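Work through the following exercises with the sequence and the model in view. Each task is followed by a solution that proceeds step by step.

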Amino acid sequence: MEFASLLNTFLGRVILSVAGVMIVFTFNALIAVWLERKISGHIQLRLGPMEVGPHGLLQSAADGLKLICKEIITPQGVDKKLFGLAPYMVFFPSLLMFVVIPFSDKLQVQDLNIGLLYFFSISCIATIGIFMAGWASNNKYSLMGAVRSIAQSIAYEIPIILSILNIVIITQSLKLSEIVKAQSNIWFIVPQFIPFIIYLISAIAELNRTPFDIPEAESELVAGFHTEYSGMRFAVFFMAEYTNMFLVSAMATTLFLGGWNGPILPPVVWFFIKTYAIVFIIIWVRWTFPRLRPDQLMNFCWKFLTPLALVNLLVTTFILKIL
Amino acid sequence: MEEIKDIRQDFYVNMGPQHPSTHGVLRIVLRLEGERVVSSETVLGYAHRGVEKMAESKTYVQMMPVMDRFDYVSSMLYEWAYVGAMERALGIVPPERAEFIRVIMGELNRMASHFVWVGAFLLDLGAFTPFLWVFDAREKIMDMFEEVTGQRMTNNYFKIGGVHDDITPEFLKMLDDYLKMIYQRMADVEELIESIVFLERVKDLGFISKEEVQSYGLTGPVARGSGVMIDTRKTEPYSVYDRLNFEIPLGTKGDCYDRYRVRMKEIIQSAKIVEQALGMLPEGPYAEKAPKVVKLPEGEYYFAVESARGLLGVYLLSDGSTKPYRFKLRVPSFANLSIIDKLLPGNKISDVVAILGSIDIVVPEIDR
């Protein structure tokens with residue numbers, strides 16, 4: 001009884017939420033990395049990890065342990081404070097973004113009435129972390145990666161926002177739970193298919209993943225902004241990347257695929273099924289395409305995606321006005 | 001009034017000698033203006049071992065295994081050039097069967113080399129999957145080599161007057177299966193590679209004109225990509241190539257995409273050559289008797305083959321002893337690389353790896 005009453009207090013909610021978020025985060029970091037390695041393996045005519053655990057399930061845990069044990073190297077000439085802070089500047093926004101994700105009708109840390117705005121504002125903070133990493137590293141490759149990252153993030157924020165504005169206009173709300181409830185009859189992917197595609201492409205670009213992985217372009221910039229990072233600091237960048245992948249997929253699920261809506265199975269299961277379906281598509285794209293050149297990337301965004309999103313927004317507003 | 005200082009500085013980036021995309025220890029100093037390359041300078045010599053000098057203190061036979069270690073990706077073609085020069089000097093004509101085995105092995109090695117190139121090129125462009133798809137095809141060639149020569153790379157299979165061992169029935173079976181599979185695999189790989197992103201990246205990039213091909217002495221797929229018909233197998237046929245029927249694929253524009261197309265078509269042509277040679281393979285000895293102690297008669301000898309990268313020549317100057325007085329290689333990668341500093345300026349840093357990749361260099365053969 002006392003335990004139940006503790007849960008109702010503010011502090012109790014905070015503790016429970018932090019625990020929940022950390023569980024989802026850890027679970028995702030292990031599963032997403034494993035999924036990526038298995039899927040890429042099968043795409044590439046091989047098996048992927050097979051040794052540690054059944055079908056290599058524990059491989060990610062073993063890798064994590066290795067990275068924790070490694071020495072953290074701080075190269076000469078780096079800006080030590082920024083260099084040490086940067087990984088966490090990239091990582092913490094990912095954790096904060098969990099706050100508004102509606103896992104089911106009841107499972108949500110805080111149902112903010114500006115949930116959508118909150119999510120995309122927080123996601124921008126990570127770009128600062130990336131630039132800090134590139135600037136502090138005292139390495140030309142890192143700096144170039146960071147500069148590319150800034151340009152890319154700013155460019156692709158715009159089509160993302162323009163594509164989700166359609167949803168906001170339809171539902172008249174920034175509250176994610178209401179957006180999900182509005183989709184109980186029809187998922188927004190049906191009337192808003194083009195914004196969904198724009199969102200997905202821009203989200204892959206925001207994630208810095210192939211074919212838009214120019215900030216860490218391995219064959220050009222060695223490893224881009226995290227060239228000089230090793231050990232746990234590198235692992236933090238790495239985990240942030242996979243957490244962000246989960247988060248943009250979760251947001252795509254919430255906005256376009258009806259969130260936790262679904263028959264028979266419990267809502268939270270539906271949520272994870274849909275989210276990992278998007279994660280699968282993102283992984284699939286990565287292991288199929290080569291990388292775009294930075295200027296082509298910018299052209300694609302400013303000359304194609306942004307105008308398309310704008311036109312779509314106009315059409316949506318027009319139709320809604322007529323109806 | 002205070003003078004406004006120009007704070008712009010030249011931004012130099014050392015690409016290499018340790019870099020994922022320079023394919024070995026090549027260093028390119030890039031002067032950048034943002035993402036754009038203003039000028040570049042190629043620095044060689046990080047893998048220099050002085051092998052040409054070393055050859056002067058080794059007997060002709062002792063030099064054989066070293067020949068594998070220049071271009072480790074297509075090593076048998078190197079053996080062929082060296083053996084060919086010595087056979088020309090000694091006046092030994094290898095038996096028919098040996099010649100056909102050499103053609104089969106040489107063309108398989110050319111295919112293996114081009115597979116490595118396709119994989120590495122796509123890796124430079126950021127696509128990982130084609131690399132493993134073509135390496136799977138290459139792996140089967142390596143298995144065949146292992147079956148006959150006992151080695152996967154650096155085979156040391158050719159010898160004066162023929163080859164070391166006869167090909168085995170298992171090898172023939174493996175080759176048969178391989179030839180049945182390879183055309184479909186190439187079609188699959190092409191379908192995977194030629195996505196819109198790839199075409200955007202490589203089309204109209206790094207033009208090489210026909211005049212530049214001649215003035216820089218470019219050979220191999222780089223020259224043929226520009227539409228220049230240079231192929232030692234046709235222009236100066238050696239071994240039994242004059243009896244085989246094959247085409248030399250040519251490009252039209254001379255950009256990175258043409259060079260890619262030429263190599264992809266060459267893989268198919270090589271497979272066809274292997275098929276023909278297999279059909280024409282005569283019975284008989286696989287090696288002519290060669291002297292135990294090799295002493296070339298006094299004089300100069302030169303033999304050229306078409307390696308996977310272009311014209312490969314071996315020049316021997318003999319004073320009649322068991323060791324060459326002078327040993328010199330004409331390697332394709334060195335000449336082909338010479339144009340890089342002309343191609344890079346004006347392009348983006350992402351294009352640097354694409355252009356460098358399209359030229360297909362092997363650093364140990366450049367530095368020797």
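A residue is called buried when its relative accessible area is under 20%, exposed when it is over 50%, and partly exposed in between, with a 1.4 Å probe and protein chains only. This is a predicted model, in which local features need pLDDT of at least 70 and side-chain atom pairs count only at pLDDT 80 or more, while totals for chains, interfaces and linings use all residues. Residues are numbered from 1 along each chain as its sequence is written, chains are lettered from A and ligands numbered from 1 in the order in which they are written, and side-chain values use heavy atoms, with hydrogens and water left out.

**Exercise 1. Describe the salt bridge between D166(B) and R97(B), and state how each partner is placed.**

Begin with the rule: a salt bridge requires a side-chain nitrogen of Lys or Arg within 4 Å of a carboxyl oxygen of Asp or Glu. The side chains of D166(B) and R97(B) meet it with an N to O distance of 3.2 Å. Next, locate the partners: because D166(B) lies in the loop between β5 (162-163) and α6 of chain B, and R97(B) in helix α4 of chain B, the pair ties together parts that are 69 residues apart in sequence. Helices (H or I, at least four residues) and strands (E, at least two) are here DSSP runs, numbered from the N terminus. Finally, compare accessibility: R97(B) is buried at 8%, whereas D166(B), at 26%, is partly exposed.

**Exercise 2. Analyse the salt bridge between D360(B) and R263(B).**

The N to O distance is 3.9 Å. D360(B) sits in the loop between α14 and α15 of chain B and R263(B) in helix α11 (residues 256-280) of chain B, so the pair ties together parts 97 residues apart in sequence. Both D360(B) and R263(B) are buried.

**Exercise 3. Characterise the interface of chain B and chain A.**

First, count the contacts, which are heavy atoms within 4.5 Å: 35 residues of chain B touch 23 residues of chain A. Second, take the area, defined as the accessible area (1.4 Å probe) that two parts lose on being put together, summed over both; the two chains bury about 2500 Å² between them, 61% of it on carbon and sulfur atoms. In chain B, T129(B), V197(B) and R201(B) lose the most area to chain A, together 18% of what that side buries. Third, turn to the charged pairs: the count between the chains is 1 salt bridge, and the side chains of R293(A) and D351(B) meet in a salt bridge at 3.1 Å, N to O.

**Exercise 4. Which residues surround R368(B), and is R368(B) buried or exposed?**

R368(B) is found in the segment after α15 (363-367) of chain B, and with a relative accessible area of 12% R368(B) is buried. Leaving aside neighbours within four places in sequence, the residues in contact with R368(B) are A47(B), H48(B), R49(B), G50(B), V51(B), E52(B), F70(B), K328(B), L329(B) and V331(B). In addition, a polar atom of the R368(B) side chain lies 3.2 Å from the backbone oxygen of E365(B).

**Exercise 5. Place V33(A) within chain A.**

V33(A) belongs to helix α2 (residues 10-43) of chain A and is buried, with a relative accessible area of 11%. Not counting residues up to four places away in sequence, V33(A) touches N28(A), S60(A), F238(A) and Y242(A).

Key
Polar contact = N/O pair within 3.5 Å; in protein donor to acceptor, adjacent residues only side chain to side chain.
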